Amino acid sequence: MEISVLIVEDEIAIVTLLRYNLEREGFRVFSTGDGEEAIGMVKDYKPDIIVLDWMLPSMSGIDICKQLRWNQDTKGIPIIMLSARGEESDRIKGLDAGADDYLVKPFRTGELTARIRLALRKVQQDENNPIGEFGDLTIDYAARTVKKNSVAIKLTATEYTLLVLMSKNEGTVLTHHYV
């Protein structure tokens with residue numbers, strides 16, 4: 001099955017570079033440079049993963065990310081934020097908005113491709129083991145929800161990511177390199 005990637009990026013040179021390299025790796029690629037159009041394309045094409053620029057005309061990548069995470073049909077699609085904004089506070093904002101990963105421009109296409117494969121592996125693992133139970137805490141990896149004693153807990157994207165990381169590495173000391 002061919003894996004589809006939606007690139008949401010307004011710089012034509014970057015889209016061309018990504019399309020060439022991702023199609024060479026066997027991915028089916030869709031693209032748009034407009035934030036509002038991206039929301040429609042996600043609903044129409046249901047991509048397996050999204051590569052999302054932060055600074056777009058009409059709607060920021062942060063707003064797109066938040067909107068996709070709040071929608072039941074799109075909240076499980078992995079999102080890799082791609083941005084020239086490289087400060088720690090920017091990366092935190094992107095991850096807190098719901099991005100699964102954050103890559104700063106300029107970047108190497110090989111690294112982006114590896115991050116795409118990693119994000120897709122995580123989705124596959126979640127589909128194979130959709131529920132994790134840890135005492136009175138239940139994590140539904142597919143739905144990206146957490147419950148304690150059957151009561152939903154609202155977490156930021158970063159809190160959820162850290163909880164999943166710790167739950168899948170129980171008994172292992174994790175350094176900042178894992179995050």
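**Exercise 1. Determine which residues arginine 69 contacts beyond its neighbours within four places in sequence, and decide whether arginine 69 is buried or exposed.**

Solution. Step 1: Once neighbours within four places in sequence are set aside, arginine 69 is in contact with Thr74, Lys75, Gly76, Ile77, Pro78, Ile79, Ala97, Gly98, Asp100 and Arg144.
Step 2: Arginine 69 belongs to helix H3.
Step 3: The relative accessible area of arginine 69 is 13%. The cut-off for buried is under 20%, so arginine 69 is buried.
The model examined here and in the following exercises is predicted.

**Exercise 2. Establish whether the radius of gyration of the chain agrees with that of a compact globule, and describe the overall dimensions and surface.**

Solution. Step 1: A compact globule with 179 residues would have a radius of gyration near 16 Å. The chain has 16 Å, and therefore the two agree.
Step 2: Along the principal axes, the C-alpha atoms occupy a box of roughly 50 × 35 × 30 Å.
Step 3: Six helices and nine strands make up the secondary structure elements of the chain.
Step 4: Of the 179 residues, 40% are buried. The exposed area is about 10200 Å², of which carbon and sulfur atoms supply 52%.
Step 5: Among contacts between residues at least 6 apart in sequence, 54% join residues at least 24 apart.
Step 6: For the charges, the mean position of the 22 positive ones and that of the 28 negative ones are 2 Å apart.

**Exercise 3. Identify the residues with the most contacts inside the largest nonpolar core, and the elements that give two or more residues to this core.**

Solution. Step 1: The largest nonpolar core has 22 residues. Those with the most contacts inside it are Val8, Ile50, Leu52, Ile64 and Met81.
Step 2: Two or more residues of this core come from each of strand S1 (4-8), helix H2 (35-45), strand S3 (49-53), helix H3 (61-70) and strand S4 (79-83).
Step 3: A second, separate core contains 18 residues, including Val15, Phe27, Val29 and Leu82.
Step 4: Isoleucine 64 illustrates the contacts of one core residue. Not counting residues up to four places away in sequence, isoleucine 64 touches Val8, Gly35, Ile39, Leu52, Leu56 and Met59.
Step 5: As general background, nonpolar side chains in soluble globular proteins tend to be buried together.

**Exercise 4. Locate lysine 46, serine 150 and proline 106, and state the backbone feature of each.**

Solution. Step 1: Most residues other than glycine have a negative phi, and most peptide bonds are trans.
Step 2: Lysine 46 has phi near 45 degrees, a positive value in a residue other than glycine. This residue is in the loop between H2 and S3, and its relative accessible area of 58% makes it exposed.
Step 3: Serine 150 also has a positive phi, near 65 degrees. Serine 150 occupies the loop between strand S8 (145-148) and strand S9 (151-153), and counts as exposed at 68% relative accessibility.
Step 4: The peptide bond that leads from lysine 105 to proline 106 is cis, with omega near -5 degrees. Proline 106 is placed in the loop between strand S5 (101-104) and helix H5 (109-128).

**Exercise 5. Classify threonine 32, glycine 132 and threonine 158 as buried, partly exposed or exposed, and list their contacts beyond four places in sequence.**

Solution. Step 1: Threonine 32 is in strand S2 (residues 28-32). Its relative accessibility is 5%, so threonine 32 counts as buried. The residues touched by threonine 32 are Ile7, Val8, Glu9, Glu37, Ala38 and Met41.
Step 2: Glycine 132 is part of strand S6 (residues 131-134). At 5% relative accessibility, glycine 132 is likewise buried. Its contacts are Leu137, Thr138, Ile139 and Tyr141. The C-alpha atoms of glycine 132 and valine 146, which are 14 residues apart along the chain, have a separation of 9.5 Å.
Step 3: Threonine 158 lies in helix H6 (residues 157-167). With 26% relative accessibility, threonine 158 counts as partly exposed. Threonine 158 is in contact with Ile92, Leu95 and Asp96. Between the C-alpha atoms of threonine 158 and alanine 114, 44 residues apart along the chain, the separation is 21 Å.

Note on methods
Residues are numbered from 1 along each chain as its sequence is written. This is a predicted model: local features need pLDDT of at least 70, side-chain atom pairs count only at pLDDT 80 or more; totals for chains, interfaces and linings use all residues. Side-chain values use heavy atoms; hydrogens and water are left out. Helices (H or I, at least four residues) and strands (E, at least two) are DSSP runs, numbered from the N terminus. The radius of gyration is taken over C-alpha atoms; the globule rule is 2.2 Å times the number of residues to the power 0.38. Buried means under 20% relative accessible area, exposed over 50%, partly exposed in between (1.4 Å probe, protein chains only). Contact means heavy atoms within 4.5 Å. Accessible areas come from the Shrake-Rupley method with a 1.4 Å probe; for residues, only the protein chains shown count as cover. Lys and Arg count as positive and Asp and Glu as negative; His and the chain ends are not counted. The place of a charge is taken as NZ of Lys, CZ of Arg, CG of Asp or CD of Glu. A nonpolar core is a set of buried Ala, Val, Leu, Ile, Met, Phe, Trp, Tyr and Cys residues joined through side-chain atoms within 4.5 Å.
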